[in-house]
Amino acid sequence: MSEMVNLTVDGKAIQAAPGTLLINAAKQAGIEIPAFCYYDGLSLQAACRMCLVEVEKTPKLQVGCTLPVAEGMVVHTDSPTVRASRKGMLEFLLTNHPLDCPVCDKGGECELQDMTFRYGAGESRFLEEKVHVDEQQWSPVVYFDAPRCILCYRCVRVCNEGMGVNALGVINRGVNAEIAPNEYDHLNCDECGMCIDICPVGALTSGAYRYKTRPWEMEHVGTICTHCSNGCKTTLGVRGEQIVRGNNRDRSGINGEFLCVKGRYAFDFTHHADRLQSPMIRKNGRLEPVSWSEALALVAKKWREIVERGGRFGVIGSTRTTNEENFFLQKFARQVLGTNNIDHHRSGDIPTLLDALSGRTGALATTADLYNEKAVLVVASDLSQEQPFLAWQVRANVRHHGAHVYTATPGPVREDRTAVRSVRCEPGREIEAVESLGDALRAEPSLVVVFGDAIKGEALRRLVAFGDSLGIPVKYVALLDYSNSRGALDMGLLPDLGPGYHPVAAPGMTMAGMLADASLDALWVVGANPLSRTPLASPDAFVVVQDLFLTETAERASVVFPAASAYEKSGTVTNVCGEVQRLKPAVKIAGTKTDLEIVGLLAKELGAQLGVWLPDNVFEEIRATVRGYNVPLPVLATGGSAITAALNGRVKSAPGPELIQSARNTLFTSGSLGRYCRTLQSVLEAPGALYQGK
Amino acid sequence: MLYNEPNPLETKVLTRRFGIPNSADVATYVEHGGYQAFLKAAKMAPEKIVDEVKISNLRGRGGAGFPTGLKWSFVPRTSPKPKYIICNADESEPGTCKDRLLMEYDPHQLIEGMMIGGLAVDAHKGYIYIRGEYRYLITMMEKAIDDAYAAGWLGSNIQGTGFDFDCYVHTGAGAYECGEETALLDSIEGKRGVPRMKPPFPAVAGAWASPTLLNNVETFSAVPSIIRDGGAAFAALGTPKNGGTRLVCLSGHVNRPGVYEIPLGYPMLKFIEEFGGGVRGGKKLKAVIPGGSSCPVLLASECDIAMDYDTLAKAGSMLGSGGMVVIDEETCMVKAALRIMRFYAHESCGWCIPCREGTTWLRKMLQRVHNGQGIASDIPLIGELSKNMLGRTFCALGDAAAMPTISIVEKFREEFEAHLDGRPCPFEHKHEMALA
Amino acid sequence: MTFSPELEARFEKLLKIYPEGRQRSAVVPMLMYAQDEVGSVTRELVEEVARRCGVNPLQVDEVVGYYSMLHTKPLGKHHVQVCTNISCLLVGGEELYEHAKKTLGVGNKEVTADGLFSLEEVECMGACSWAPAIQVNYDFYHHVTPEKLDKLIQDLRKLQ
Ligand SMILES: Cc1cc2nc3c(=O)[nH]c(=O)nc-3n(C[C@H](O)[C@H](O)[C@H](O)COP(=O)(O)O)c2cc1C
Ligand code: SF4
Ligand code: FES
């Protein structure tokens, strides 16, 4: 590290690393230089001129957002000239602005309002006619009101640089310059809404949130998105018992401000009219609403009978329920129902990966590693479509650190555009494609390999052996599907492995085995929908389902419990990179209970002693008993993520790779849940379209 | 036929071949000493070429007057990247029409100048960015380039010197801002002509992210003379730090408007009298825009000065692009300010707030004032808004709009006052009489 | 889209003169030359140029609206451009423009009913020392008076 630069800002002596921009150096010293166009992490524009400051010995005001600090620099950010300049800029900005704050969604959290309040003039001297343009709708979720736009180009940059989508540009010239969408009058894009979020004013607004509320009427609940395995933090804006918005403007959490279309808009399933709000029992062939006590009693009675006669149970857990719920579920299954017939929909071969990496530490990449390591190899995944946040990290890494990206995929992917090399391969021959990159990869200082479900079993071992052969530090991410796919594995929703991948004495049936077992007596499905793909072979099985909706599986049930979603509960989830984060309940849907509570009540009904079923208590038990989960609590309590220390020993795992199968969710699909997200349905353009390179 | 009669008092260096039949032909050019400077330069050490240009005291003729030799020395000759020569032939500053003549009558002089630039900075490709309106010049330049290839003055191993140089023409499409050097670079890369942040300067990272030597047509056209006759001879024509001659485009209310080549430091009033034949119709001189519409105007009483960069700067104005506009006593200065602001508002690229919003606001206000709908507070506001733009915009277009406006409101305040409160423009009837 | 062989030849050359991988540079010249042949910058042309230069249509749109010589609506066969900027203004450019409006019976950027003429008030075109000046398509006319303008328009009409 070269020496620090000394400068003076507003009489304060400060130090900054060489190359630091003045705006950031001042910020570190607690001095705000106002800015619209400057945005951390995006390219510099110097367009809004709000950041002009006085630097001694230079005749003109200097641009704080592009000026690197220099030794001995003396800066004034609050001199009369600077203040006059800011006031002048705001006055210019407001000339063609409609000043319609009372009806603008952004009112109350608008940077232009704040800036005018702090630095602007009280009255307007502009007597001329304003330039007017009508509002436009660019997609079901994106509206654009040009007169409000201050042309800071944040939206264009976040779309081009951040997302790699290039859906926004600037048309016309001078005072008529305007932001425009890529398809002439509408957008063809990821519909991520990053542009809306980053807009400092109300020029870009969201079709999902428009005119629903004023910002100050909402409560803001920071929780973890329930859709994919990346585990982005999303801040849900709640008004009454209604979630009206999702964003992450405070840039906290592993994802900073990033959210994809699902994290931002796909909360609307919570209030879907089809939500189950009462337990149901099949009577005369039809599911009828009943009381909780009646339903719980019936299940307890049936299960007790089956246990007593030594009948066969099958338990299928969820990839969206919390670690606590999964842990408690498997404990219940193993201890109360006495079965190891427990499984879930697996989308990545974590056990084999852990086993292949046994004996070494630091070989599992974190989400931060994808931003920091020198090279990234993407194997068998359309990362931008399937793993949006990881893809965002990789793009940022290329932009900020010049990372080298390699792709080895069956079809074109967005990552190709920044890749130094891309190889195409037949599906299933990815590993050969990877091996063809050997020479190039050997020259990299370090590497992160992210790989999809095609790499499992033997192929996975071959991948790790290949990584070993490179002679450079290599880290891995086995890509998974859902918000707690990783947690389901770690918590032992597996027939052969208990929590922390401890082998069980007598391995049970896999999910496929249970569904195919014609003599299964009872099937218990918690937050999953296996029967949408595979029929249940046993005609007489007593089926208990906990879910949000009447899915194909729930329709076959004898008893259905209405469950709460991730946005309605506490607990922890573990993302694709093994980072644990905490959920916070945003709303409560009448009539529902969390899966933990339902399992707890069933335990109570059966008189089982499984301990207190409050999330905190169960998590304590997890910390104490599950390898890698002894994470510091304060980090979680303050909304941070804790990395589960990866296992460092052999993992014995029998079931074949055919059990591992990604659901191939795209940006616009999210398993069964996706069907109940109206916003996702409205923006769906190419269902399941992977490998388009878009 | 030349556009205007040359004046016997001119010091013809760059224009010396103007008027010779077929002066644009390569044969004519060679016959009159053309391409000899290139051959001479090819034998010189590159640093020596740059030195010669430094000694000549040549300053950029595009508007800013930056010392050309110094600029050439900024290009990292030894950079492994390809280097490019770009000629700025966007000529769009109102009042300016000289580059046009240099390309029409002596295209090979320009090509030769660019080639010498190529020798100096180790560049092997040159692009001439010509404004779209000059389509006929694009055709002529293309022909000149083709002829030069045919005659062995472009291409590889030119005349056995071992030096390769290719030259191309690129058309603009109607945008004043593309004359600003970094906007020009974005434009030549196929983008909107929006200026770039500096640093990096074009000399280091210009066209296609490579080191780029960018000069005006007149600047490059001066180079062959400098190399042929020596920098000192060129410098001696002008005044200290203001070497050589320049082409002044005289327009407005004079008897003999035209483009004339004079040495730097020539007295302004004398120029207007001797070259322009004095103010048209025996009227009194009111004001002069000395170097294109972006320069602060000079009152008649301020015009008794020498025309060089430093003297004009001292007088509070600029030599700019050489577009001298003479304004007589019957001209409405509010209207002049309005027309100038209309131009800059129309041409603002829209990138930064103060220029985008400021020029349009001022245009609207000046229009209102000229229409007689102004109020007293408009007058100081015009000055204040201009000052809010001055020095605060991303590129110099904002300054270009602010500077003349500030000078006009300050120097002709009473004319603004005469327009207030519904009064008709006091010059309108005079103007009609003059036309009749 | 198909273009004349001459234009195709020009395009081919254009794509070669810029450094390798920098074919985007050809966007503006292509649009300019194609506009002369097609009559205006149509959506089809935008997409064609985008395809040929390897950019997306939005990147071409960004350019089209920026440059004042690129037109998305067809102009008249003879596009009469009258400069009213300062040097021309001082010597009658504005009167000339008013006169042109009357003679042609159209306003700024409008086309005559027969499609023969269109009119545009333009910014400085680099003819200041020979003002007032006009351009008809790409041809310059200097020291233009209302009478000379009328004569020119008559001559152009007769050309038909
Ligand atoms: C708004 C603006 C417009 C300009 N237009 C032109 C122009 O049309 N031609 C030109 O040569 N320089 C123009 N310039 C100056 C160029 O930026 C640049 O300084 C010049 O081309 C450098 O060449 P020189 O050193 O030979 O003068 C313009 C500058 C600004 C700020
Ligand atoms: S729409 Fe918003 S983010 Fe985009 S340029 Fe305008 S103000 Fe900036
Ligand atoms: S923040 Fe510096 S110019 Fe906008």
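**Entry 1: chain C**

I began with chain C, in which I counted seven helices and four strands. I took helices (H or I, at least four residues) and strands (E, at least two) as DSSP runs, numbered from the N terminus. Read from the N terminus, the elements of chain C follow the order α-α-α-α-β-α-α-β-β-β-α. The model is predicted, so I kept to its limits: local features need pLDDT of at least 70, side-chain atom pairs count only at pLDDT 80 or more, and totals for chains, interfaces and linings use all residues. I also noted that residues are numbered from 1 along each chain as its sequence is written, that chains are lettered from A and ligands numbered from 1 in the order in which they are written, and that side-chain values use heavy atoms, with hydrogens and water left out.

I then looked up the extent of chain C: its C-alpha atoms fill a box of roughly 50 × 30 × 25 Å along the principal axes. Chain C has 160 residues, of which 58% count as buried. Here buried means under 20% relative accessible area, exposed over 50%, and partly exposed in between, with a 1.4 Å probe and protein chains only.

**Entry 2: strand E1 of chain A**

I turned to strand E1 (residues 5-9) of chain A and asked which residues form its covered face. They are Val5(A), Leu7(A) and Val9(A), while Asn6(A) and Thr8(A) make up the uncovered face.

I next looked up the partners of E1(A), where two strands pair if DSSP finds at least two bridges between them. Strand E2 (residues 12-16) of chain A runs antiparallel to E1(A), and five bridges join the two. Within this pair, I found Val5(A) opposite Ala16(A). The hairpin of E1(A) and E2(A) has two residues between the strands, and Asp10(A) takes a positive phi near 50° there. Strand E5 (residues 73-76) of chain A runs parallel to E1(A) and is joined to it by three bridges. Leu7(A) has Met73(A) as its bridge partner in E5(A).

**Entry 3: cysteines**

How many disulfides does a search of the whole structure find? I recorded zero over all chains, a disulfide being a pair of cysteine sulfur atoms within 2.5 Å. Cys104(A) is in no disulfide, and the nearest cysteine sulfur, that of Cys110(A), is 6.3 Å away. Cys104(A) is buried at a relative accessible area of 7%. Cys303(B) is likewise in no disulfide, with the nearest cysteine sulfur, that of Cys295(B), 12 Å away. For Cys303(B), which is buried, the relative accessible area is 0%.

**Entry 4: salt bridges**

Side chains of opposite charge can pair when their charged atoms come close. I counted a salt bridge where a side-chain nitrogen of Lys or Arg lies within 4 Å of a carboxyl oxygen of Asp or Glu. The search over all chains gives 80 salt bridges.

I examined Arg148(A) and Asp145(A), whose closest N and O atoms are 3.1 Å apart in a salt bridge. Arg148(A) is buried at 5%, and Asp145(A) is buried at 9% relative accessibility.

Glu621(A) and Lys331(A) also form a salt bridge (2.8 Å, N to O). This pair links distant parts of the chain, 290 residues apart: Glu621(A) is in helix H20 (residues 615-625) of chain A and Lys331(A) in helix H8 (residues 323-336) of chain A. Glu621(A) is partly exposed, at 28%, whereas Lys331(A) is buried, at 10%.

In chain B, I noted a salt bridge between Asp310(B) and Arg59(B) (3.4 Å, N to O). Asp310(B) lies in helix H12 (residues 309-314) of chain B and Arg59(B) in the loop between helix H3 (46-55) and helix H4 (68-74) of chain B, so the pair ties together parts 251 residues apart in sequence. Asp310(B) is partly exposed at 31% relative accessibility, and Arg59(B) is buried at 15%. I also found one network, in which salt bridges that share partners join Arg61(B), Lys98(B), Asp99(B), Glu218(B) and Arg246(B).

**Entry 5: ligand 1**

I looked last at ligand 1, which has 19 residues around it, each with a heavy atom within 4 Å. Those that come nearest are Gly62(B), Asn88(B), Asn215(B), Asn216(B) and Thr219(B). Strand E4 (residues 212-216) of chain B supplies the largest share of this shell, three residues.

I then listed polar contacts with oxygen atoms of ligand 1, a polar contact here being a pair of N or O atoms within 3.5 Å:

- A side-chain N or O atom of Asn88(B) is 2.9 Å from an oxygen atom of ligand 1.
- A backbone N or O atom of Glu181(B) is 3.0 Å from an oxygen atom of ligand 1.
- A side-chain N or O atom of Asn215(B) is 2.8 Å from an oxygen atom of ligand 1.

Taken alone, ligand 1 exposes 610 Å², and the protein buries 90% of that, by the Shrake-Rupley method with a 1.4 Å probe.

Conventions. Polar contact = N/O pair within 3.5 Å; in protein donor to acceptor, adjacent residues only side chain to side chain.
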